[in-house]
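Let's take a walk through this model together, beginning with a small backbone detail and working out to the whole fold. Keep the structure open and turn it as you read.

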Amino acid sequence: MLKDFLYPTGRLYCGDKARGIVPFVRQKIEDFHKGGDLVIFLCDSHRKDDREFELFPPHCVEGTAGAEIIDELPVGKEDLVVKKGRYSGFYETDLDAILKRNRISEVEVVGVCTSICVMDTVGGLRNRDYRVRVYSSGVADFDPQFHDFSLKRMEKIYGAQIG
Ligand SMILES: [Zn+2]
């Protein structure tokens, strides 16, 4: 939920569907805060010369405004921010250690894009046997067909609950 993806002026704007999930995501975060549940922001973070820019325009470069969490979301003091350089939230991050340390068994996933970072991270979660719920109103994609396919694939192949 970073400025380069969610703001129309961002470097890799994911579209109006993506903007449309912001109120849902905000509500979920507020609910988690109220319930005392752990909120983790998985944030794309790239070096200027990142190889990912062979596939996508430069975005979420470390230290730029585009790499910041959008202003609409309430980031709590207890929340964790995990920076990641690839699609999966597990790639060269402490995510698994964080989940284990906090004795997390079930993870709810929201964000963009459904077919890219969401699906790769959900795959990482399911391969590690975490229970996963993906909110169809809380995820979005550039491509509506990829979005629909990814929700189906995460349900049928990864065994994620789609809500
Ligand atoms: Zn990226």
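Start at aspartate 129, which is exposed, with 9 other C-beta atoms within 10 Å. Keep in mind that this is a predicted model, so everything here is read off predicted coordinates. Aspartate 129 sits in the loop between helix 5 and strand 4, just after the helix ends. What makes it worth a stop is its backbone: phi is positive, about 70 degrees, although the residue is not a glycine. Most residues other than glycine have a negative phi.

There's another one of these to look at. Arginine 103 also isn't a glycine, and its phi is near 55 degrees, again a positive value. You'll find arginine 103 in the loop between helix 4 and strand 3. Is it buried or exposed? With 7 other C-beta atoms within 10 Å, arginine 103 counts as exposed, because the cut-off for that label is 12 or fewer.

Now slide along to the loop between strand 3 and helix 5, where cysteine 113 lies. The peptide bond leading into it from valine 112 is cis, with omega near -15 degrees. Most peptide bonds are trans.

With those spots marked, zoom out. The protein chain has six helices and five strands, and from the N terminus they run α-α-α-β-β-α-β-α-β-α-β. The radius of gyration is 15 Å, close to the 15 Å that the globule rule gives for 163 residues, so the chain is as compact as a globular protein of that length. Laid along its principal axes, the C-alpha trace spans about 35 × 35 × 30 Å. Buried residues make up 29% of the 163. Count the contacts with a separation of 6 or more, and 70% of them link residues 24 or more positions apart.

Next, find the sheet. Three strands form it, in the order 3-4-5, and it is open, with parallel pairing. Strand 3 and strand 5 (161–162) are the edges, each pairing on one side only. Strand 3 and strand 4 are joined by six bridges, and in that pairing valine 107 stands opposite valine 132. On the other side, two bridges join strand 4 to strand 5. There, arginine 133 has glutamine 161 as its bridge partner, while valine 134 is partnered with isoleucine 162.

How does the chain get from strand 4 to strand 5? It crosses through helix 6, in a right-handed β-α-β crossover. Strand 3, helix 5 and strand 4 make a right-handed β-α-β unit too.

Look at how helix 5 sits: it lies across strand 3 and strand 4, running at about 170 degrees to strand 4. Its list of buried residues includes Thr114, Cys117, Val118, Thr121, Val122 and Leu125. An α-helix has 3.6 residues a turn, so residues three or four places apart point the same way. The buried residues of helix 5 pack against strand 1 (40–44), strand 3 (106–112), strand 4 (131–140) and helix 6 (144–156).

That takes us to the core. Which residues touch the most other members of the largest nonpolar core? Of its 27 residues, they are Val118, Val122 and Val134. Helix 1 (3–6), helix 3 (22–35), strand 3, helix 5, strand 4 and helix 6 each give two or more residues to this core, and helix 5 gives the most, with five. Click on valine 134 and you'll see how busy it is: leaving out residues up to four places away in sequence, it touches Val109, Val118, Val122, Val139, Leu151, Met154, Ala160 and Ile162.

Finish at leucine 95, in helix 4 (residues 95–101). With 22 other C-beta atoms within 10 Å, leucine 95 is buried, because that label needs 20 or more. Beyond its neighbours up to four places away in sequence, leucine 95 touches Val82, Gly89 and Phe90. Leucine 95 and isoleucine 40 are 55 residues apart in sequence, yet their C-alpha atoms are 9.0 Å apart in space.

Conventions. Residues numbered from 1 in each chain as written. Predicted model: local features only at pLDDT ≥ 70, side-chain atom pairs only at ≥ 80, totals over all residues. Helix = DSSP H or I, 4+ residues; strand = E, 2+ residues; numbered from the N terminus. Rg over C-alpha atoms; globule rule 2.2 N^0.38 Å. Contact = placed C-beta atoms within 7 Å. Core = buried A, V, L, I, M, F, W, Y, C linked by C-beta atoms within 7 Å. Pairing = 2+ DSSP bridges. Axes fitted to C-alpha atoms, helices over the stretch in contact; angles between N-to-C directions. Right-handed = clockwise from strand over helix to strand, strands pointing away.
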